[in-house]
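Visitor: I would like to learn how to read this model feature by feature. Where do we begin?

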Amino acid sequence: MSLTTDELPRLASPSSIAELSELMARAHAENRTVAVFGGGTAFDDHPPADTPGLLIDLTSIAEVADPSSDTIRAGAGTRISALNRLTAESGQEILADLPLDRIDTGATLGGMIATAAAGPRHPRRPRLAGTVRSVTTVAADGTIARTAEGLHPDLGGRDLPRLVAGSWGTRAIIVEAEIRLTNRPEVQRFVWIPGTEAAADLLIARRVPDAVVIERPPGSPAATVVLIEGEPDEVEAEVGHLVDRIPGATPCGEPEWWGRRARLAATIAVSAAPGFIATLIDAVARLETTIGYPLQLRGSAAGYFELGIGAPESEPGVATRVVLEHLRSFGLHRLAARLIHAPAPVWAEVDAWGPQPGRQGLRELKTLVDPRGVLAPGRGIAGI
């Protein structure tokens, strides 16, 4: 169809950045709200939104350049699974660690960047936003921008990748990115450790593990699982060191849940100060007993967790509200909690976001780059 003469559709799948730019210019002129998607693996990580005036499928923007020595450039609609297969051919992999369940269900490069996705290997790997060398975006009015100044003159000097990473498509549409690669580890080994007492010490050990994950299944004690990866001799020596030094430490296979999110009926993202993790685990056990619903805690010993609530369908909002309010009672300096997954009615029954000290700054930035509010309304942090 001719975008300049035909009526603007409700659903579009542009095949190029230029075509997307024209679509956005048309939508902006007509004051149409716009939402974009790739694999759709994070659609339920926000409250239900009104149907946009234009829904854009980015999976056709998926051209991939040959990887260089340490980077690869790809369209936003490229599946992470495809990038993994391509980089593996040269013995490389994406430097940032990403959630395996989203990769398995078709997550795209643009979606992973826009949602600031992260897997468990935080101790020795940067988050995805920190590995983006450059990014191309399409602004709310259709402008193609490769610098923050291209979105607005007042943003000169700001870093565009960090500006759009984690913005959920509310500031600009990511259409292409160059990200850093690293050599694939030769081997990976896992070690299971009872309890969580050793987790904090492992983060400051002489050889920090590649991941230190705390898993507390519903109704069960918490345990620590450690990942060591690298050259075979080095890895085996480190595994032996952990087994010899930590009581109860045992080599194990990769857990079935590894790299996957803690998803029950509702899920809360929890950020805790490292020194407060033991208190958090105790609080979860007490809450589980008090409310009578199963609670599952999983996350990095660095303090980033997901808390799944197995509430019955009859009253998931009640359990979610009780858990959120209890966690927030500890104070923002110790712990932050926000809802990230729940049945549609629950979002209206609870304070999903909680305290957001930087909310005014987020609003001002949104107004600067999208004054008409057409891009993904309600999808950003705190609904901005």
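Guide: Begin with an enclosed space. This is a predicted model. Its largest cavity is lined by Ala-96, Asp-97, Ala-118, Gly-119, Arg-121, His-122, Arg-125, Pro-126 and Arg-127.

Visitor: How many nonpolar, polar and charged residues are in that lining?

Guide: The lining of the largest cavity has 3 nonpolar, 2 polar and 4 charged residues. The space in this cavity is about 40 Å³. The structure holds 1 cavity of 30 Å³ or more.

Visitor: Now a pocket. Which residues lie nearest the centre of the second largest pocket?

Guide: Ala-35, Val-36, Phe-37, Phe-43 and Arg-379 lie nearest its centre, out of 42 lining residues. The second largest pocket holds about 660 Å³ of space.

Visitor: Which helices and strands each supply at least two residues of its lining?

Guide: β2 (34-37), α4 (109-114), β8 (173-183) and α11 (344-349) do. β2 gives the largest share of the lining, 4 residues. By class, the lining of the second largest pocket divides into 25 nonpolar, 13 polar and 4 charged residues.

Visitor: β2 sits in a sheet as well. What is the strand order there?

Guide: Start with the general idea. Strands of a sheet pair through backbone hydrogen bonds, either parallel or antiparallel. Here, an open sheet of 3 strands runs in the order β1-β3-β2, and the pairing is parallel. β1 (11-12) and β2 are the edge strands, each pairing on one side only.

Visitor: How many bridges join β1 and β3?

Guide: β1 and β3 (residues 54-57) pair over 2 bridges, in the parallel sense. To find the register, look at Leu-11: Leu-55 in β3 stands opposite.

Visitor: Which helix lies across this sheet?

Guide: Helix α1 (residues 17-29) lies across β1, β2 and β3. Its direction is at about 170° to β3.

Visitor: On to the sheet of 8 strands. What is its order?

Guide: Read along β12-β9-β11-β10-β14-β15-β13-β16, an open sheet with antiparallel pairing. β12 and β16 (335-341) stand at the edges with a single partner strand each, so one side of each has no neighbour in the sheet. From one strand to the next, the twist averages 25°.

Visitor: How do I check the pairing of individual strands?

Guide: Go bridge by bridge. Strand β9 (residues 187-194) pairs with strand β11 (residues 223-230) over 8 bridges, in the antiparallel sense. Val-187 stands opposite Gly-230 in β11. β9 also pairs with strand β12 (residues 250-252), antiparallel, over 3 bridges. There, Val-191 has Pro-251 in β12 as its bridge partner.

Visitor: How many bridges join β10 to β11?

Guide: Strand β10 (residues 211-216) and β11 run antiparallel and are joined by 5 bridges. Val-212 has Val-226 as its bridge partner in β11.

Visitor: What should I keep in mind about side chains along a strand?

Guide: In a regular strand the side chains alternate between the two faces of the sheet. Keep that in mind as you look at the helices that pack on a sheet.

Visitor: Which strands does helix α8 lie across?

Guide: Helix α8 (residues 232-245) lies across β9, β11 and β12, at about 155° to β11. α9 packs on the sheet too, touching β10, β13 (266-272), β14 (295-300), β15 (304-309) and β16. The direction of α9 makes about 165° with that of β14.

Visitor: Last, a helix pair. At what angle do the axes of α9 and α10 cross?

Guide: The axes of helix α9 (residues 277-291) and helix α10 (residues 316-328) cross at roughly 145° and come within 11 Å. The crossing of α9 past α10 is right-handed. On the α9 side, the contact is made by Leu-280, Ala-283, Arg-286, Leu-287 and Ile-291. α10 contributes Ala-319, Val-322, Val-323, His-326 and Leu-327.

Visitor: How do the residues of this contact divide by class?

Guide: The contact of α9 with α10 has 8 nonpolar residues, 1 polar and 1 charged.

Note on methods
Residues numbered from 1 in each chain as written. Predicted model: local features only at pLDDT ≥ 70, side-chain atom pairs only at ≥ 80, totals over all residues. Heavy atoms only, no water. 1 Å grid on protein atoms, 1.4 Å probe; cavity = no way out; pocket = protein on both sides within 12 Å on 5 of 7 lines; lining within 4 Å. Points joined across faces, edges and corners; volume = space filled by probe spheres on them. Nonpolar A, V, L, I, M, F, W, Y, C, P; charged D, E, K, R; others polar. Axes fitted to C-alpha atoms, helices over the stretch in contact; angles between N-to-C directions. Left-handed = near helix turned anticlockwise from the far one by under 90°. Contact = heavy atoms within 4.5 Å. Pairing = 2+ DSSP bridges.
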